[in-house]
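Me: I am new to this structure and would like to understand why certain terms are used for it. Please take me through them carefully.

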Amino acid sequence: MADIKVLTLLGSLRAASINRQLAELAAESAPEGISVTIYEGLGDLPFYNEDLDTEDAPAAVAALRAAAAEADAALVVTPEYNGSIPGVLKNAIDWLSRPYGNGALKDKPLAVIGAALGQYGGVWAHDETRKSFGIAGPRVIETIKLSLPTATFGGKHPRETAEVAEAVREVVGKLAAEVS
Ligand SMILES: Cc1cc2nc3c(=O)[nH]c(=O)nc-3n(C[C@H](O)[C@H](O)[C@H](O)COP(=O)(O)O)c2cc1C
């Protein structure tokens, strides 16, 4: 049987992003039969503009929608910026929410996790990402939650903290189990 394909959307564009490291961990530790890929093009998207959202949409938009259409599920890994969703991720949500009622992630399971500096690990951003994607079309899996304060990692790659590695692997497994 073909692997279940999980597309990871990152809320940080920073090269040394801890959330990118969490996404790497999700990819390398995914249970057998699940392939996790990190989408690299969110920083290339123009700001959402209905005037650009035509049949001839910008190439970066078409690429995102094609990758989303290929995926069976989506995993969002994001920090919190000023108590909310980083702009790059909110912009991607808006592009993925159209065509209205028929976006490329429509009805596909989606989970939100991530890490942030604050003691609550970015839970505001994660809750708001779930809310926004819940309106945009995917089937948000509200029971999958993981909001990690960056202090959890002690300055090391998240893969080096056994509980984190186990929690991320569990997230990927639970998300894939939602694919029908
Ligand atoms: C513009 C900006 C706003 C931030 N706002 C918050 C915040 O509201 N809450 C929080 O916990 N951390 C906040 N932080 C700190 C980030 O959580 C921290 O830099 C984190 O490592 C960013 O994720 P990354 O390593 O994946 O890039 C902010 C960082 C930046 C650059």
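**Terms and values**

Reply: Of the 13 residues around the ligand, those that come nearest are Ser12, Arg14, Ser17, Asn19 and Gly83. This is a predicted model, in which local features need pLDDT of at least 70 and side-chain atom pairs count only at pLDDT 80 or more, while totals for chains, interfaces and linings use all residues. Residues are numbered from 1 along each chain as its sequence is written, and side-chain values use heavy atoms, with hydrogens and water left out.

Me: What makes a residue count as near a molecule?

Reply: One of its heavy atoms must lie within 4 Å of the molecule.

Me: How do you know that Arg14 has a polar side-chain atom in polar contact with an oxygen atom of the ligand?

Reply: A polar contact is a pair of N or O atoms within 3.5 Å, and a polar side-chain atom of Arg14 lies 2.7 Å from an oxygen atom of the ligand, so the pair meets the definition. For Ser17 the value to an oxygen atom of the ligand is 2.6 Å, and an N or O atom in the side chain of Glu80 is 2.9 Å from a nitrogen atom of the ligand.

Me: Why is α2 called roughly perpendicular to α3?

Reply: Helix α2 (residues 59-70) packs against helix α3 (residues 87-96) at an angle of about 75°, with their axes 10 Å apart. Angles of 65 to 115 degrees count as roughly perpendicular, and therefore α2 is roughly perpendicular to α3.

Me: Which residues of α2 and α3 meet there?

Reply: Val61, Leu64, Arg65 and Ala68 in α2 meet Ala92, Trp95 and Leu96 in α3, where contact means heavy atoms within 4.5 Å.

Me: What is said about the phi of Asn82?

Reply: Asn82, although not a glycine, has a positive phi of about 50°, and Asn82 is found in the loop between β3 (73-77) and α3.

How values were computed: Polar contact = N/O pair within 3.5 Å; in protein donor to acceptor, adjacent residues only side chain to side chain. Axes fitted to C-alpha atoms, helices over the stretch in contact; angles between N-to-C directions. Helix = DSSP H or I, 4+ residues; strand = E, 2+ residues; numbered from the N terminus. Parallel < 35°, antiparallel > 145°, perpendicular 65-115°, else oblique.
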